[in-house]
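Trainee: Please take a close look at a single part of this model with me. I want the details of that part, then its setting in the rest of the chain.

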Amino acid sequence: SSHRMADIAALCRTAVALRRGEVAARGTVREVLTDPHHIAAHAMPAPALVLVADRLRAAGWDVPHAALLPEEIASALQAQHATAERGVAVGAEARDG
């Protein structure tokens with residue numbers, strides 16, 4: 001039993017979420033912890049990183065819906081930043097060239 005998302009995501013394939021001693025959700029770790037339907041239907045608190053990912057998506061960032069770990073969110077943001085930088089560099093070359 002654990003409440004640490006990094007441990008759960010790294011060590012487990014499936015998860016069972018309990019609410020008041022009853023099974024609230026069962027499935028893969030990502031299904032249980034990132035699916036808004038599981039979370040809302042069972043009044044489970046969403047993991048903090050799921051909320052961060054939701055806010056980033058709302059702000060226009062392309063963050064995977066199944067992101068559970070800080071590394072997954074950071075990787076998505078870094079990839080987009082690198083793509084944007086390449087676009088700026090290509091635009092500057094076209095303008096200067």
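Mentor: What follows is a close look at helix H4, and then at the chain around it. This is a predicted model: local features need pLDDT of at least 70, side-chain atom pairs count only at pLDDT 80 or more, and totals for chains, interfaces and linings use all residues. Residues are numbered from 1 along each chain as its sequence is written, and side-chain values use heavy atoms, with hydrogens and water left out.

Take the fold as a frame. The chain has five helices and two strands. Both kinds of element are DSSP runs numbered from the N terminus: helices are H or I with at least four residues, strands are E with at least two. Their order along the sequence is α-β-β-α-α-α-α.

Now the helix itself. H4 covers residues 48-58. Val-50, Ala-53, Leu-56 and Arg-57 are its buried residues. Buried means under 20% relative accessible area, exposed means over 50%, and partly exposed lies in between (1.4 Å probe, protein chains only). Viewed down the axis of H4, the buried residues fall within an arc of 120°, so they line one face of the helix. That arc is taken from the directions from the helix axis to the C-beta atoms. On the other side of H4, Ala-48, Arg-55 and Ala-58 are exposed.

Look next at Arg-57. It sits in helix H4. With a relative accessible area of 19%, Arg-57 is buried because the limit is 20%. Its side chain meets that of Asp-54 in a salt bridge, 2.3 Å from N to O. A salt bridge here is a side-chain nitrogen of Lys or Arg within 4 Å of a carboxyl oxygen of Asp or Glu. Asp-54 and Arg-57 are three residues apart, so about one helical turn separates them. An α-helix has 3.6 residues a turn, so residues three or four places apart point the same way. The partners differ in exposure class: Asp-54 is partly exposed, at 37%, whereas Arg-57 is buried. Beyond its neighbours within four places in sequence, Arg-57 is in contact (heavy atoms within 4.5 Å) with Val-50, Val-63, Pro-64 and His-65. Just after H4 comes Gly-60, with a positive phi of about 100°.

Now the packing. The largest nonpolar core has 13 residues. Such a core is a set of buried Ala, Val, Leu, Ile, Met, Phe, Trp, Tyr and Cys residues joined through side-chain atoms within 4.5 Å. Ala-17, Ala-25, Val-29, Val-32, Leu-33, Met-44 and Leu-68 touch the most other members. Strand E1 (14-19), strand E2 (22-28) and helix H2 (29-34) each supply at least two residues of this core. H2 gives the most, with three. A second, separate core of five residues includes Ala-53, Val-63, Ala-67 and Ile-73. Ala-53 is one of the buried residues of H4. Val-63 is among the contacts of Arg-57.

Leu-68 of the largest core reaches back towards H4. Setting aside neighbours within four places in sequence, Leu-68 is in contact with Ala-9, Val-29, Arg-30, Leu-33, Thr-34, Leu-49 and Val-50. Val-50 is also in contact with Arg-57.

Two salt bridges are found in the whole structure. Besides the pair in H4, Arg-30 and Glu-72 meet at 2.5 Å, N to O. This pair links distant parts of the chain: Arg-30 is in helix H2 and Glu-72 in helix H5 (residues 70-96), 42 residues apart. Arg-30 is partly exposed, at 30% relative accessibility. Glu-72 is partly exposed too, at 24%.

Another link across the sequence starts from Asp-7, in helix H1 (residues 5-11). Asp-7 and Leu-69 lie 62 residues apart in sequence, but 9.7 Å apart in space, C-alpha to C-alpha. Asp-7 is partly exposed, with a relative accessible area of 28%.

Last, the outside. The chain exposes about 6,900 Å², and carbon and sulfur atoms supply 58% of it. Accessible areas come from the Shrake-Rupley method with a 1.4 Å probe; for residues, only the protein chains shown count as cover. Val-16, Leu-18 and Val-23 form a nonpolar surface patch of about 280 Å² together. Patches are made of residues with over 30% relative accessible area and no salt bridge; like charges are joined within 9 Å, nonpolar side chains (Val, Leu, Ile, Met, Phe, Trp, Tyr) within 5 Å. Leu-18, in strand E1, counts as exposed at 57% relative accessibility. Of the 97 residues of the chain, 25% count as buried.
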